[in-house]
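Biologist: I have some questions about how the labels on this model were chosen. Could you walk me through them?

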Amino acid sequence: MSTWIRHRASILIVFACVLFAVTSGVWRYGYGQALDQLARRGEADLALGADSLTAQLKRYQELAVLMAEHPTLLSLTRNPAITSAQRGHPLLLDAADKTAALDIIYARADGTILATAQEDVAPPDALDQTPYFKRALQGALGAHHEVDARFGRRAFYYSVPSFSSEGTVSAVLTVVLDVEDVEGNWRGDGPTVFFVDDLNEVFISNRSELVFWKRNPTSSGLIPPSGTAPPVQSYMRAGHEIWELDWGPYIPAQGLHIVKDLPVIDMVAEAIVDISLARRIAGLQAGTIAAIFMIFGLILLQVLERRRVLTQANAELEQRVTLRTQALSATNEALRREITEREEAEAALKQAQSDLVQAGKLSALGQMSAGISHELNQPLQAIQTFAENGTRFLERENTSKAADNLTRISQMATRMARIIKNLRAFARNESEPMGRVDLVGVISQAVELTEPRLKEHAVTLDWQPDASGPVFAEGGEVRLTQVFVNLINNAIDAMLEQDNRLIHIVINNGRKLGVTVRDIGPGLEDPEKVFDPFYSTKSKGVAEGMGLGLSISYGLVQSFGGNIRGANAAGNGALFTVELNYWKEENVA
């Protein structure tokens, strides 16, 4: 035992060392891969922010270029008698309002202001000494940024020269734009982005707390205007520069530092991308590998332990196998007996269900017996009368009249044969499998079987078989006939206590083949229970039944793969819907 313990301890030590080495390697690799993805995404975000900034600045640059040659402004230099209030100020004010520019200034080459959009604000001092104005006097586009003392805001300046007919610069148009308006479109979005100008000062940023911070000349990071430098630790990881800093709640404590030069606006764009996601991804990967190794180690330890236990328990298992075999043999014998009993019970259940269906049909026949007897008695009496008349006509040698009576006797016999055929088909036990059934013929047969009761109780039947034509469904002819006989009989029973009696039968050819049977009786008291066995609402003395007709019908329709529903119709009466499957040729075995 002690040897086994020492052996297991050695395995655990080696496994722990391998686990640490593999987990560390996976973490470093995963961290590097995640940093690469963050760097690519951060570079894309930085490029997008830089493009957005340059695009918005270019709008004002294009505004300056377009407005510099405006005829209204040129007229101010050519005709000094025209005042700014008359022509220039409304034009520049309208342009400033539409573009959200702080100010638009139009001045002569000597710095004399001819027109300005903001007349209520004092004009800038020594305009002709500003770098952007001097640049425009040289015939080029002048650009500059600084804090505008008049508005107390960070501003960009674009100056464009206006040339005289001699080709010299006669005037300069300067557009002043508010940097905060430019920042407002992307402030707080995405990673921390800031733009450092040639004075190493943050002039634009989507984090307002970094504005006017200056680059630390002695180390990485920035210095706020207060002069107190927040600590910044910079190190390289997987070829990327990482900053650890404490610059506020909206700036990540650990970030990937990305730099992009923007010579177009003479600035450097920088971004700090939060790397916490990369650390989490690397941690998850390392944790997953560690968990897999731990599981592998546990499995290995379990295998070694089981080998030792199995060796000791082999003899005991052999003895138990013998005992278990005897017990299983007895159990198998009991299971065989139980299976035999279940098969016998299932066969008895099927026989009982078949007997119940047959009993339902016989019950319906008993209910219709009086009317059927009347339907058979009338032709019999008519046959007797026509036979006696035929005999007399033959005695008188009136053969034409005798032939006419014989023809009527044949018609009556045909009618009786059809009634008896329907009764025999309805009464027999159907053993044939489901097949193609003409639904129109089935309903017509059910109508013929219930016709005596319909006549006896003066029930009007709205059923038009010719309008539907042959409709083929999947089912059994006799069982399906029983369903509609039950529905028609139930509808008759429901209307016995009222004067008006009407039954509608309609075939609906939709996505699902359906037949609706509707009466105008009092409706259903509880539609949810109408298909429960032994549930009946028939009053005493009025065709009282056992409450099995609809339950049997429900089982028959379900056996065809269909469905039957009962509900109260709109207005009055009960509405039963029988849904069946269309017959398809592929159903043929």
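Modeller: Gladly! Just after α11, glycine 561 takes a positive phi of about 80°. Keep in mind that this is a predicted model. In helix α11 itself (residues 549–559), the buried residues include Leu550, Ile552 and Leu556.

Biologist: Why is α8 called oblique to α10?

Modeller: The axes of helix α8 (residues 439–456) and helix α10 (residues 477–494) come within 9 Å and cross at roughly 40°. Angles under 35 degrees would count as roughly parallel, and 65 to 115 as roughly perpendicular. The angle here fits neither range, so α8 is oblique to α10. The crossing is right-handed.

Biologist: What makes lysine 98 and aspartate 94 a salt bridge?

Modeller: Their closest N and O atoms are 3.3 Å apart, and the cut-off is within 4 Å, so the pair qualifies. Lysine 98 and aspartate 94 are four residues apart in helix α3 (residues 84–99), which means about one helical turn separates them.

Biologist: Why does lysine 98 count as exposed, but aspartate 94 as partly exposed?

Modeller: Lysine 98 has 66% relative accessibility, and exposed means over 50%. Aspartate 94 has 38%, which lies between the 20% and 50% limits, so aspartate 94 is partly exposed.

Biologist: How do you know that aspartate 178 is buried?

Modeller: The relative accessible area of aspartate 178 is 4%; buried means under 20%, so the label follows. Aspartate 178 also meets arginine 153 in a salt bridge (2.9 Å, N to O). Aspartate 178 lies in strand β5 and arginine 153 in strand β4, so the pair ties together parts that are 25 residues apart in sequence.

Terms used: Residues are numbered from 1 along each chain as its sequence is written. This is a predicted model: local features need pLDDT of at least 70, side-chain atom pairs count only at pLDDT 80 or more; totals for chains, interfaces and linings use all residues. Side-chain values use heavy atoms; hydrogens and water are left out. Axes are lines fitted to C-alpha atoms, for helices over the stretch in contact, and angles run from 0 to 180 degrees between N-to-C directions. Helices (H or I, at least four residues) and strands (E, at least two) are DSSP runs, numbered from the N terminus. Angles under 35 degrees count as roughly parallel, over 145 as roughly antiparallel, 65 to 115 as roughly perpendicular and the rest as oblique. A crossing is left-handed if the near helix is turned anticlockwise from the far one by less than a right angle, and right-handed if clockwise. Buried means under 20% relative accessible area, exposed over 50%, partly exposed in between (1.4 Å probe, protein chains only). A salt bridge is a side-chain nitrogen of Lys or Arg within 4 Å of a carboxyl oxygen of Asp or Glu.
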